[in-house]
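Good morning, everyone. I will go through one structure today, starting with its sheets and then turning to the helices and the cores.

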Amino acid sequence: MTIDPGILALHADMQRWRRHIHQHPETAFEEAATAQLIAKQLHNAGIEVHQGLAKTGVVGVLRRGNSRNSIALRADMDALYIQEQNRFDHASCHKGKMHACGHDGHCAMLLGAAHYLAKHGRFDGTVYFIFQPAEECRAGALQMIDEGLFEQFPAQRVFGMHNFPDVPVGHFAVKTGPMMASFDCFEITLKGQATHAAMPHLGNDVLVASAHLVTQLQTIVSRRIDPADAAVVSVTQIHGGNTWNALPDSAVIRGTFRSFKNSVREQLEQGIRQLAQSVAQGFGIHAGILFNPENPGYPVTINSPAETAGATRAAIAVAGEQCVDTAPTPSMGAEDFAFMLQQKPGCYIWIGNGNTQGNCLLHNPNYDFNDDILPLGAAYWVRLVENELPG
């Protein structure tokens, strides 16, 4: 790996920032203390600081030279509603909340890059450091955009990075085209006639109907979608009934569906709607169907060719060609960075976190970001800026 000594010198600071954020996790649109820490560190580095977009968003602005060229670098700040099971000193002190996705590390790496660029940066143009709230299911990126992110900070291109535990330490993975899937939720409410459990013929059994519907939903991917197209339909919740001896009058089924193509995304929605209605009709009950009832769906995260080439060059420069996978299998996970990529050309790259904490993956109560990769992530950001905005 090729990492500037000035970045290596920031390792202890990045680790301290990261562990403080990990210990004090804040969930979507509540990242006030995290935002204050970030704003303070940007200010200490002499970087222009703006706060308030999407409630807790922070944007740092760093200019050099006379060029009008500009890029944006984005890190997400929010934690998850998960009870941490780790027992180390920097484990979460907020019950039921933890950084189980590594956003604490994302913030620390971008802060490290910002400090280095402010002091040593060799570039000509403007860098926007975007610290975004509410990536986890609440579409903080979309809210920042709707509140004028790219009008106030008119970056020409935008770049994002996420740690991945199944990518080895010291490695990156990136490709042109779809990198992460779309994300949508559904809620189906089945309503019928309640009755005594001993007299099912006098009512409509919404629980039996629910069981049939759950199994039928699995046929959408296996029988309606082209086998060459990746897609997922997962039922994640079933709620109905509250006693032993009565059949309820309603049941609720919730879940998610994902794909890499808008046409497939539309097919999945249509299939869910049709099956819910047909199963309900067969059982003589009513089906109410809502899509994304609480949060907006996320589009496919699609990397543009030129920006992906630039990200690949930067990754190779710091990690070596043999440590950059340029044909990774796209993830069925989703990212609201996709909204930014709908507005600007850009690229989303994965940095290897390695299986360092019990071989667990993201969103696991035992997960922790690997502090050893902090300098590598910061070095990637620095090389990307200096390559894309040559001085």
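Start with the sheet of eight strands: it is open, its strand order is 1-2-4-3-5-16-6-15, and its pairing is mixed. Keep in mind that this is a predicted model. At the edges of the sheet sit strand 1, residues 48-51, and strand 15, residues 324-325, and each of them pairs on one side only. For those new to this, strands of a sheet pair through backbone hydrogen bonds, either parallel or antiparallel.

Take the strand 1 edge. Strand 1 and strand 2 run antiparallel and are joined by four bridges. One pair to look for is H50, whose bridge partner in strand 2 is V59. The two strands make a hairpin with six residues between them, and in the turn G52 has a positive phi of about 115°.

Now move along to strand 16, residues 346-352. Is strand 16 mostly covered or mostly open? It is mostly covered, with seven of its seven residues buried. G346, Y348, W350 and G352 point one way, C347, I349 and I351 point the other way, and all are buried.

Strand 16 has two partners to look at. Strand 5, residues 157-164, runs parallel to strand 16, with seven bridges between them. There, V158 stands opposite G346. Strand 6, residues 172-173, runs antiparallel to strand 16, with two bridges. In that pairing F172 is opposite I351, and A173 has W350 as its bridge partner.

Next, what lies on this sheet. Helix 3, residues 32-44, lies across strand 1, strand 2 and strand 4, and runs at about 160° to strand 1. Helix 4 also packs on the sheet, where it touches strand 2, strand 3, strand 4, strand 5 and strand 16; its direction makes about 145° with that of strand 3.

That brings me to the cores. The largest nonpolar core has 59 residues, and those touching the most other members are I38, L73, F129, F131, F172, Y380 and W381. Which helix gives the most to this core? Helix 4, residues 103-120, does, with ten residues. As for Y380, if we leave aside neighbours within four places in sequence, its contacts are M161, F172, A311, A314, A315, V318 and I349. There is also a second, separate core of 33 residues, including F29, A72, I145 and Y298.

On to the other sheet. This one is open and has four strands in the order 10-12-8-13, with antiparallel pairing. Its edge strands are strand 10, residues 231-240, and strand 13, residues 286-291, each pairing on one side only. From one strand to the next, the twist averages 20°. Inside it, eight bridges join strand 8, residues 184-191, to strand 12, residues 250-259. F186 stands opposite G255 in strand 12.

Helix 7 packs on this sheet and touches strand 8, strand 10 and strand 12, with its direction at about 170° to that of strand 10. Helix 8 lies across strand 8, strand 10, strand 12 and strand 13, at about 160° to strand 13.

Finally, how do helix 7 and helix 8 cross? The crossing is right-handed. The axes of helix 7, residues 206-224, and helix 8, residues 262-283, come within 9 Å and cross at roughly 145°. Residues in the contact include V208, L213 and R224 from helix 7, and L268, G271 and F283 from helix 8. The contact residues divide into twelve nonpolar, six polar and one charged.

Conventions: Residues are numbered from 1 along each chain as its sequence is written. This is a predicted model: local features need pLDDT of at least 70, side-chain atom pairs count only at pLDDT 80 or more; totals for chains, interfaces and linings use all residues. Side-chain values use heavy atoms; hydrogens and water are left out. Axes are lines fitted to C-alpha atoms, for helices over the stretch in contact, and angles run from 0 to 180 degrees between N-to-C directions. A crossing is left-handed if the near helix is turned anticlockwise from the far one by less than a right angle, and right-handed if clockwise. Contact means heavy atoms within 4.5 Å. Ala, Val, Leu, Ile, Met, Phe, Trp, Tyr, Cys and Pro count as nonpolar, Asp, Glu, Lys and Arg as charged, and the others, Gly among them, as polar. A nonpolar core is a set of buried Ala, Val, Leu, Ile, Met, Phe, Trp, Tyr and Cys residues joined through side-chain atoms within 4.5 Å. Buried means under 20% relative accessible area, exposed over 50%, partly exposed in between (1.4 Å probe, protein chains only). Two strands pair if DSSP finds at least two bridges between them.
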